[in-house]
Amino acid sequence: MEAFVSKVLDQVDIHILDVLQKDATISNAELARRVSLSPPATHTRVKRLEAEGYINRQVAILDQEKLGFDLLCFVFISTNIHQEKELETLESALRSMPEVLECHCLTGEYDYLLKVAIKDRKGLDSFIRKLNRLGISRLQTNLSLREIKSSTVLPITAEEQEQPDSL
């Protein structure tokens with residue numbers, strides 16, 4: 001994939017993406033300064049990167065605990081559903097649940113992994129009951145005790161890809 005990315009994107013594009021993924025609130029003028037382009041040229045590149053789908057969206061990442069979401073849960077789900085239409089219905093229901101921050105279809109022992117933000121145990125009980133109504137055959141819920149690392153930054157620059165393990 002790296003070869004494909006470097007053929008489509010030049011080093012300036014990659015630099016722009018790297019700066020924006022670390023701080024999307026940066027002004028266009030400051031971004032232009034950091035990548036050594038004029039502000040109009042930088043703006044044009046950012047708009048192209050958005051149009052080509054390299055930038056999906058820019059969001060604010062909120063502090064869950066300060067907002068009262070005391071439980072971060074990882075929920076593994078198995079289902080006996082195998083028909084395409086029923087799977088689409090299940091996945092649509094999972095996408096529509098506001099508690100679900102992420103939903104991944106898996107290989108292996110479980111079919112789906114959900115990352116879920118819940119305010120308290122009562123909310124977790126209610127959420128699990130909602131899941132059970134969807135025809136889930138097996139459910140395993142793990143609570144996060146503390147977050148060691150959370151990042152949305154992809155290692156797209158050569159320096160980030162060549163970092164030695166610090167362990």
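Helix H3 (residues 28-35) and helix H4 (residues 39-51) cross at roughly 95°, and their axes come within 8 Å. The two helices are therefore roughly perpendicular to each other, since angles of 65 to 115 degrees are counted that way. Keep in mind as you look around that this is a predicted model. The notes below start with the helices around H4, then turn to the whole chain and to three residues worth finding in the viewer.

**Helix H3 against helix H4**
- On the H3 side, the contact is made by Asn28, Ala29, Leu31, Ala32 and Val35.
- H4 contributes Pro39, Thr42, His43 and Val46 to this contact.
- Sorted by type, the residues of the contact of H3 with H4 comprise 6 nonpolar and 3 polar ones, with no charged residue.

**Helix H2 against helix H4**
- H4 also packs with helix H2 (residues 11-22), at an angle of about 80° and with the axes 11 Å apart.
- That angle makes H2 roughly perpendicular to H4.
- From H2, the residues Val12, Asp13, Ile16, Leu17 and Leu20 take part.
- They meet Thr42, Arg45, Val46, Arg48 and Leu49 in H4.
- The contact of H2 with H4 holds 6 nonpolar residues, 1 polar residue and 3 charged ones.
- Thr42 and Val46 of H4 are worth a click: they appear in the contact with H3 and also in the one with H2.

**The chain as a whole**
- There are 7 helices and 4 strands in the chain.
- Their order along the sequence is α-α-α-α-β-α-β-β-α-β-α.
- The radius of gyration is 20 Å, whereas a compact globule of 167 residues would have one near 15 Å.
- Measured out along its principal axes, the C-alpha trace spans about 55 × 40 × 35 Å.
- Of the 167 residues in the chain, 26% are buried.
- The chain has an accessible surface of about 12,100 Å², and carbon and sulfur atoms account for 52% of that.
- Among contacts between residues at least 6 apart in sequence, 63% join residues at least 24 apart.

**Ser36, in the loop between H3 and H4**
- Ser36 sits in the loop between H3 and H4.
- Most residues other than glycine have a negative phi.
- Ser36, although not a glycine, has a positive phi of about 60°.
- With a relative accessibility of 66%, Ser36 counts as exposed, because the cut-off for exposed is over 50%.

**Tyr110, in the loop between S2 and S3**
- Is Tyr110 buried or exposed? Its relative accessible area is 9%, so Tyr110 is buried.
- Tyr110 belongs to the loop between strand S2 (100-105) and strand S3 (112-118).
- Beyond residues up to four places away in sequence, Tyr110 touches Phe76, Ile77, Ser78, Arg138 and Gln140.
- One of these partners, Phe76, is 34 residues from Tyr110 in sequence, yet the C-alpha atoms of the two are 6.1 Å apart.

**Val116, in strand S3**
- Strand S3 contains Val116, which counts as buried at 1% relative accessibility.
- Which residues does Val116 contact, leaving aside neighbours within four places in sequence? They are Leu71, Leu72, Cys73, Val75, Glu99, Val100, Leu101 and Phe127.
- Val116 and Leu72 are 44 residues apart along the chain, and 5.8 Å separates their C-alpha atoms.

Key:
Residues numbered from 1 in each chain as written. Predicted model: local features only at pLDDT ≥ 70, side-chain atom pairs only at ≥ 80, totals over all residues. Heavy atoms only, no water. Axes fitted to C-alpha atoms, helices over the stretch in contact; angles between N-to-C directions. Parallel < 35°, antiparallel > 145°, perpendicular 65-115°, else oblique. Contact = heavy atoms within 4.5 Å. Nonpolar A, V, L, I, M, F, W, Y, C, P; charged D, E, K, R; others polar. Rg over C-alpha atoms; globule rule 2.2 N^0.38 Å. Buried < 20%, exposed > 50% of the residue type's maximum accessible area, 1.4 Å probe, protein only. Areas by Shrake-Rupley, 256 points an atom, 1.4 Å probe, with all protein chains shown as cover.
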